[in-house]
Amino acid sequence: MELKGKKVLVIGTGASGIAAAQLLAKTGADIIVYDSNEKLCEEDIRAKSEAFESVPIFLGKLDEDMISQINIAVVSPGVPLDLPTVVRLYQSGVIVWGEIELAYRCAKGRLAAITGTNGKTTTTALTGEILKSYFEDAKVVGNIGIPYTSLALQMTDQTVTAAEISSFQLETIDTFCPDVSAILNITPDHLNRHHTLECYTAVKESITKNQRPGQVCVLNYEDELLRTFGKTIDHYLKVIYFSSKRKLEHGLYLDEKSIFLSDENGIQKIADTCELNLLGTHNYENVMAAVAITMALGVPLEKIREVLKTFQAVAHRIEYVEEIAGVRYYNDSKATNPDAAIQGIRAMERPTWLIGGGYDKQSEYGDWIDAFDGKVEKLVLIGETKEKIANEASAKGFTDFVMCETLKEAVTFCHDRAKPGDAVLLSPACASWDMFPNYEKRGDLFKELVHSFASFA
């Protein structure tokens with residue numbers, strides 16, 4: 001669609017909104033900026049970007065006359081689609097795109113799109129590193145922290161892109177069609193926005209809805225929802241499975257301490273897990289997914305192997321921080337739901353002092369507590385969910401917990417009591433938004449606190 005001269009409403013003034021407005025300005029669109037938070041300062045918004053300097057900005061509520069003039073609305077991922085203004089836009093017949101859809105329409109080249117409840121960032125980062133090692137022009141965008149719109153106009157027919165795509169971003173796709181899609185897993189998350197697991201699952205699976213016959217979808221065979229979904233698409237898409245629990249006749253699988261590929265050429269070893277700088281079965285699943293994605297895009301296996309042996313874990317995902325007086329500290333702030341936090345616990349090989357709790361996304365914590373399995377020495381709870389988690393833990397028979405008011409108090413508590421040979425793990429099983437703007441800030445503070453103790457050791 002030609003954007004020049006179109007009146008486009010950008011909803012949201014964060015990173016995605018800024019990048020969308022910057023792209024739209026280059027296309028010649030007539031931009032209007034909107035944020036439902038009427039308490040924001042217009043001058044502060046304008047100061048964020050040149051793209052905001054001379055455009056109309058509306059805060060709080062849009063009147064019907066303005067809505068009637070809008071051709072397209074570009075919605076940032078953090079904006080719920082049941083927001084009254086967004087509902088009115090739909091009802092008025094306005095075209096509503098997400099930032100991902102806008103970027104896709106402006107971008108060129110080949111695209112691998114990766115979604116799933118957990119593991120997206122690690123898999124996307126690893127996929128991106130493999131692509132960069134082989135292709136002259138490879139980019140990494142999306143929910144990983146680099147808005148797709150910020151790089152879309154730089155892409156050519158030779159560009160190969162890896163994109164981390166969240167469920168919030170998938171809600172507003174229209175023509176978005178990756179050459180290779182991947183769904184790593186589906187477990188309950190963001191139910192405060194999607195309301196039911198069925199709706200959340202449907203949104204995740206929609207990453208394939210525009211893919212054409214012969215294109216590739218990578219799925220986790222050990223996820224029952226995805227195994228079932230694979231059967232509904234394998235008549236027109238090439239489905240590649242990976243498994244951490246069984247040998248597959250076709251696909252990638254983990255067999256004891258090694259990862260193998262089984263295809264028409266026979267069985268080949270990809271790597272031994274001891275060669276990797278990643279901990280835990282969940283990370284071996286991420287590796288298998290990245291291998292499947294990059295092979296589908298034409299990267300030779302030998303080049304893939306080279307990158308696997310050098311790739312380091314992404315920040316905030318079971319990230320080793322420091323050892324102080326025989327106690328190892330790990331930052332798993334990106335574990336923003338119980339299933340991700342379960343993987344953090346499973347990766348620990350020491351008695352663990354676990355810091356958990358945070359913003360309530362209407363999750364249930366029973367499975368996470370069951371995963372403690374004698375490994376958790378003490379559960380140190382913070383945030384608005386601390387009492388909810390404490391109640392669920394008590395109901396499960398786990399009562400060795402304490403509550404702290406701040407992350408600093410929690411880290412200090414663990415530092416003062418953990419013994420040589422123990423581990424301290426920040427793996428909250430919750431989002432950060434009750435105390436921090438994002439999980440990165442939470443993880444960064446944890447690392448700062450740990451380093452401050454180390455300086456006095």
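User: In this predicted model, in the loop between which two elements does V55 lie?

Analyst: V55 belongs to no helix or strand named here but to a connecting segment, and this segment leads up to the strand formed by residues 57–59. The loop that holds V55 is the one between α2 and β3.

User: Is V55 buried or exposed?

Analyst: Setting aside residues up to four places away in sequence, V55 touches I31, V33 and R46. The cut-off for burial is a relative accessible area under 20%, and V55 has a relative accessibility of 11%, so this residue counts as buried.

User: How far apart are the C-alpha atoms of V55 and I146?

Analyst: Along the chain, V55 and I146 are 91 residues apart. In space, their C-alpha atoms are separated by 24 Å.

User: Is D44, in helix α2, buried or exposed?

Analyst: Helix α2 covers residues 42–46, and D44 lies in it. A residue is called exposed when its relative accessible area is over 50%; the value for D44 is 52%, and therefore D44 is exposed.

User: What distance separates the C-alpha atoms of D44 and I389?

Analyst: These two residues are 345 positions apart along the chain. For comparison of scale, the C-alpha trace of the protein spans about 65 × 60 × 40 Å along its principal axes. The separation between the C-alpha atoms of D44 and I389 is 38 Å.

User: Which residues does T85 touch, not counting residues up to four places away in sequence?

Analyst: T85 is found in helix α4, which runs over residues 84–91. Its relative accessible area is 5%, and with burial set at under 20%, T85 is therefore buried. Beyond its neighbours in sequence, T85 touches Y34 and L62.

User: Why can the protein be called as compact as a globular protein of its length?

Analyst: The protein contains 18 helices and 20 strands. For 457 residues the globule rule gives 23 Å, and the protein is as compact as a globular protein of that length because its radius of gyration is close to that figure, at 23 Å.

User: Which helix gives the most residues to the largest nonpolar core?

Analyst: The largest nonpolar core has 52 residues, and the members that touch the most others are L24, L102, Y148, F176 and L219. Of the elements that supply this core, the one that gives the most contributes 5 residues and spans residues 15–27, namely helix α1.

User: How many residues make up the second, separate core?

Analyst: In soluble globular proteins, nonpolar side chains tend to be buried together. Here a second core stands separate from the largest one, and it includes I130, A162, A289 and V307. The number of residues in this second core is 41.

User: Is I318, a residue other than glycine with a positive phi, buried or exposed?

Analyst: Most residues other than glycine have a negative phi. The phi of I318, however, is near 45°, and I318 lies in the loop between α13 (301–308) and β15 (319–324). Its relative accessibility is 7%, so I318 counts as buried.

User: Is E256, which has a positive phi, buried or exposed?

Analyst: The phi of E256 is near 55°, a positive value in a residue other than glycine. E256 is found in the loop between β12 (251–255) and β13 (258–263). With a relative accessible area of 72%, against the cut-off of over 50%, E256 is therefore exposed.

Terms used. Residues are numbered from 1 along each chain as its sequence is written. This is a predicted model: local features need pLDDT of at least 70, side-chain atom pairs count only at pLDDT 80 or more; totals for chains, interfaces and linings use all residues. Side-chain values use heavy atoms; hydrogens and water are left out. Helices (H or I, at least four residues) and strands (E, at least two) are DSSP runs, numbered from the N terminus. The radius of gyration is taken over C-alpha atoms; the globule rule is 2.2 Å times the number of residues to the power 0.38. Buried means under 20% relative accessible area, exposed over 50%, partly exposed in between (1.4 Å probe, protein chains only). A nonpolar core is a set of buried Ala, Val, Leu, Ile, Met, Phe, Trp, Tyr and Cys residues joined through side-chain atoms within 4.5 Å. Contact means heavy atoms within 4.5 Å.
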